[in-house]
Amino acid sequence: MDILEYMSNQKYEQLTMITDPGVGLKAVIAIHDTTLGPSCGGTRIWPYESETAAIEDALRLAKAMSYKSAVADLPLGGGKAVIIADSHTQKTEAMLRSFGRFVETLSGRYLTTTDVGSTGRDLEYIRQETKHVVGLPTTMGGSGDTSVMTGLGIYVGMKAAAKEIWGTDSLSGKRVAMQGFGKVAFNVAHHLLKENATLIVTDVYKGAIDKARQMGLEVVPPDEIFDVSSDIFSPCALGGILNSITIPKLTCSLVAGGANNQLLSDSHGDELHRLGILYAPDYVVNAGGIINVEAEIGSPYNIDRARERTERIYDIMENVISLSKDKNIATYKAADLIAEERLASVQNIKHLYSGN
Ligand code: NAD
């Protein structure tokens, strides 16, 4: 990949390559855009099969964070870090503290938090070397587990989309098929069950399946979740799961879930649009986590502020649907336009979708 050319075309600001051989650290920090504020995004710890794969992932995820924060109306830009390591066997205090010292060298242009492979405990190590950390455990004055607010945001986004489809935002009696029953899915389920929705769930992890069964939920094998008859499909596990194999199987009218990068490619968002299946863009409805961590920046964490801002995802989802209808474009495109419009307006350049 011609990295500088790619970064220039996609408007990336910075890519930092990091090594500290003494502690086995190889990492990348990608900063996409700091127009709206410091870049913010988690540190992913993953045993990438190549450096190129790690760089591509960091860049792609950093851009998604710019768009997520822009649409959620947060004063944050987009960034992401990846550490090339197996989080189960290679992660050490020394590695994390070394990484923290590199984050410190960026002087606040990048704020880190948890992601796949990193935990609150890891953030505590990083915090020993830099103050540019958010999403710390509540015992350290942080906002703690992000999945509570992420679940709330998905739920309210789902309701706004339901209103468009069924004329009411009540989810009572709706059949919701959930892929993955981890932290986010559990929090979405909490709200859905209170509203008397019916949940059919799947997971590859026995602990998650046991939890679902204890809650009295119907459980199906992982490869059957797309065949379940449902009103709503809620992807809460992996990315790339809306693709040419799975989309033809969908029986639902609405897709709304927490997983990042659900569309394998943009064309699959267009295909959902063509089929009349309303897709709630992943980064629009799963922004509760970043909203939650933003609520601890600059002032003591305030859960009411985080909740109130997360509930605004309802209105944001309505705006996405409205723009999608006005322009007859897929919802993922409408969300991108709203993000680009906000970035452009702050950069004081011409509006992208207003026609001015
Ligand atoms: P998690 O690890 O708690 O849950 C994910 C679950 O998916 C696990 O139980 C796992 O066993 C299951 N799973 C993995 N592959 C599967 C498969 N093929 N079929 C069925 N189940 C499968 O993670 P989480 O925090 O709940 O996050 C879920 C998704 O939401 C991820 O894509 C994450 O990036 C995204 N997300 C999370 C947050 C947050 O606040 N935690 C915020 C935004 C986005």
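**Strands, helices and rings in a predicted model**

Colleague: Which residue of β8 does Ile200 stand opposite?
Modeller: Before the answer, remember that this model is predicted: local features need pLDDT of at least 70, side-chain atom pairs count only at pLDDT 80 or more, and totals for chains, interfaces and linings use all residues. Residues are numbered from 1 along each chain as its sequence is written, and side-chain values use heavy atoms, leaving out hydrogens and water. β7 and β8 run parallel and are joined by two bridges; strands (E, at least two residues) and helices (H or I, at least four) are DSSP runs numbered from the N terminus, and two strands pair if DSSP finds at least two bridges between them. In β8, the residue opposite Ile200 is Glu218.

Colleague: Thanks! Which strands stand at the edges of the sheet that holds β8?
Modeller: That open sheet has six strands in the order β8-β7-β6-β9-β10-β11, with parallel pairing. Each edge strand has a single partner, so one side of it is left without a neighbour in the sheet; these strands are β8 (218–219) and β11 (278–279).

Colleague: Which residue is the bridge partner of Met178 in β7?
Modeller: Strand β6 (residues 175–179) runs parallel to β7, with five bridges between them. One of the matches puts Arg175 with Thr198. For Met178, the partner in β7 is Val201.

Colleague: How many of the five residues of β7 are buried?
Modeller: Buried means under 20% relative accessible area, exposed means over 50%, and partly exposed lies in between (1.4 Å probe, protein chains only). β6 is largely enclosed by the rest of the structure, because four of its five residues are buried. Strand β7 (residues 198–202) is largely enclosed too, and its number of buried residues is four.

Colleague: Let's move to the other open sheet. By how much are its neighbouring strands turned against each other on average?
Modeller: Five strands make up this sheet, in the order β1-β2-β4-β3-β5, and the pairing is mixed. At its edges stand β1 (14–20) and β5 (110–114), each with a single partner strand, so one side of each has no neighbour in the sheet. Axes are lines fitted to C-alpha atoms, for helices over the stretch in contact, and angles run from 0 to 180 degrees between N-to-C directions. With direction ignored, the average turn between neighbouring strands here is 20°.

Colleague: And which residue of β4 stands opposite Ile45?
Modeller: Strand β3 (residues 39–46) pairs with strand β4 (residues 77–84) in the parallel sense, over six bridges. Opposite Ile45, in β4, you will find Ile83.

Colleague: How far apart are the end C-alpha atoms of helix α5?
Modeller: The expected span of a helix is 1.5 Å times one less than its number of residues. Helix α5 (residues 147–166) has 20 residues and should span 28 Å, which agrees with the distance between its end C-alpha atoms: 28 Å.

Colleague: How many residues of α5 are buried?
Modeller: Picture α5 with Gly167 following it, a glycine whose phi is positive, near 80°. The helix itself is mostly covered, and of its 20 residues the number buried is 15.

Colleague: Now the rings. What is the angle between the planes of Tyr6 and Tyr12?
Modeller: Rings of Phe, Tyr and Trp (its six-membered ring) pair if their centres lie within 6.5 Å; planes under 30 degrees apart are stacked, over 60 edge-to-face and the rest tilted. The structure holds four aromatic pairs. Tyr6 and Tyr12 form a stacked one, 6.0 Å centre to centre, with an angle between the planes of 25°.

Colleague: Is Tyr12 buried or exposed?
Modeller: Its partner Tyr6 has 31% relative accessibility and counts as partly exposed. Tyr12 has 8%, so Tyr12 counts as buried.

Colleague: What is the phi of Asn328?
Modeller: Most residues other than glycine have a negative phi. Asn328 sits in the loop between α12 (313–327) and α13 (331–346), and is exposed, with a relative accessible area of 60%. Its phi is positive, near 50°.

Colleague: Last one: where is Asn261 found?
Modeller: Asn261 also has a positive phi, near 50°. With a relative accessible area of 26%, Asn261 is partly exposed. Its place is the loop between β10 (254–255) and α8 (266–275).
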